[in-house]
Amino acid sequence: MKVVGVATASEGIEVAQEMVREGVQLIELCGGFSPVWAGKIIEAIDYAVPVGVVAYGPESIDSMHRLFS
């Protein structure tokens, strides 16, 4: 398992490409990545490995807002 933090979603593209070059078999994106960014990452790695996205439910909206405000 490898965990990489990024400051912006766009940085995830380069990180994902590097992970694929290193031979990772699966990428799981945190809930900070929207479905749009997940799609951009999937395309950027040319569908080389499965990419999943964790999602935060509506009950987390207030705490996520406090975290990122």
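Helices and strands here are DSSP runs, at least four residues for a helix and at least two for a strand, numbered from the N terminus. With that in hand, Trp-37 can be placed in helix H2. Keep in mind that this is a predicted model.

**Exercise 1. Get your bearings: work out which elements the chain has and how they are ordered.**

Step 1. Count the elements: the protein has three helices and two strands.

Step 2. Walk along the sequence, and the pattern reads α-β-α-β-α.

Step 3. Look at the overall dimensions. The C-alpha trace spans about 35 × 20 × 20 Å along its principal axes.

Step 4. Check the burial and the contacts. Of the 69 residues, 19% are buried. Among contacts with a separation of 6 or more, 56% join residues 24 or more positions apart.

**Exercise 2. Take helix H1 and decide which side faces in and which faces out.**

Step 1. Find the helix. H1 runs over residues 11–22, which makes 12 residues. From first C-alpha to last it reaches 17 Å, close to the 16 Å expected at 1.5 Å a residue.

Step 2. Pick out the buried residues, meaning those under 20% relative accessible area. In H1 these are Gly-12, Ala-16 and Met-19.

Step 3. Look down the axis. The buried residues of H1 fall within an arc of 60°, so they line one face of the helix.

Step 4. Turn to the other face. Away from the buried side, H1 carries the exposed residues Glu-14 and Arg-21.

Step 5. Ask what does the covering. The cover over the buried residues of H1 includes strand E1 (27–29) and helix H2 (35–44).

Step 6. See how the helix is followed. Next comes Gly-23, with a positive phi near 100°.

**Exercise 3. Describe how H1 and H2 pack.**

Step 1. Recall what you need to report: two packed helices are described by the angle between their axes and the distance between the axes.

Step 2. Fill in the values. H1 and H2 pack at an angle of about 35°, and their axes are 9 Å apart. Their crossing is right-handed.

Step 3. List who meets whom. From H1 come Gly-12, Ile-13, Ala-16 and Gln-17, and these meet Trp-37, Lys-40, Ile-41 and Ala-44 of H2.

Step 4. Zoom in on Trp-37. This residue is partly exposed, with a relative accessible area of 24%. Setting aside residues up to four places away in sequence, Trp-37 touches Ala-9, Ser-10 and Ile-13.

Step 5. Compare with a residue further down the chain. Arg-66 is 29 residues from Trp-37 in sequence, and the two C-alpha atoms are separated by 22 Å.

**Exercise 4. Find the largest nonpolar core and trace one member's contacts.**

Step 1. Name the members. The largest nonpolar core has nine residues: Ala-16, Ile-27, Leu-29, Phe-33, Ala-38, Ile-41, Ile-45, Val-49 and Val-51.

Step 2. Sort them by element. E1 and H2 each supply at least two residues of this core.

Step 3. Follow Ile-45. Leaving aside neighbours within four places in sequence, Ile-45 is in contact with Ala-16, Gln-17, Val-20, Ile-27 and Val-51. Two of the elements you already know turn up again: Ala-16 is one of the buried residues of H1, and strand E1 covers positions 27–29.

**Exercise 5. Inspect the loop between H2 and E2 for unusual backbone angles.**

Step 1. Start from the usual case: most residues other than glycine have a negative phi.

Step 2. Look for exceptions. Asp-46 has a positive phi of about 55° although it is not a glycine. Tyr-47 also has a positive value, near 60°.

Step 3. Place them. Asp-46 sits in the loop between H2 and strand E2 (51–53), and Tyr-47 is found in that loop too.

Step 4. Check accessibility, with exposed meaning over 50%. Asp-46 is exposed at a relative accessible area of 62%, and Tyr-47 is exposed at 58%.

**Exercise 6. Work out what Gln-25 touches, and where Val-3 sits.**

Step 1. Place Gln-25: it lies in the loop between H1 and E1. Gln-25 is exposed, with a relative accessible area of 69%.

Step 2. List its contacts. Not counting residues up to four places away in sequence, Gln-25 touches Val-49 and Pro-50. The C-alpha atoms of Gln-25 and Pro-50 are separated by 7.4 Å, though their positions lie 25 residues apart along the chain.

Step 3. Move to Val-3, in the segment before H1. Val-3 is exposed, with a relative accessible area of 68%. Val-3 and Val-53 are 50 residues apart in sequence and 14 Å apart in space, C-alpha to C-alpha.

Definitions and conventions. Residues are numbered from 1 along each chain as its sequence is written. This is a predicted model: local features need pLDDT of at least 70, side-chain atom pairs count only at pLDDT 80 or more; totals for chains, interfaces and linings use all residues. Side-chain values use heavy atoms; hydrogens and water are left out. The expected span of a helix is 1.5 Å times one less than its number of residues. Buried means under 20% relative accessible area, exposed over 50%, partly exposed in between (1.4 Å probe, protein chains only). The arc is that of the directions from the helix axis to the C-beta atoms. Contact means heavy atoms within 4.5 Å. A nonpolar core is a set of buried Ala, Val, Leu, Ile, Met, Phe, Trp, Tyr and Cys residues joined through side-chain atoms within 4.5 Å. Axes are lines fitted to C-alpha atoms, for helices over the stretch in contact, and angles run from 0 to 180 degrees between N-to-C directions. A crossing is left-handed if the near helix is turned anticlockwise from the far one by less than a right angle, and right-handed if clockwise.
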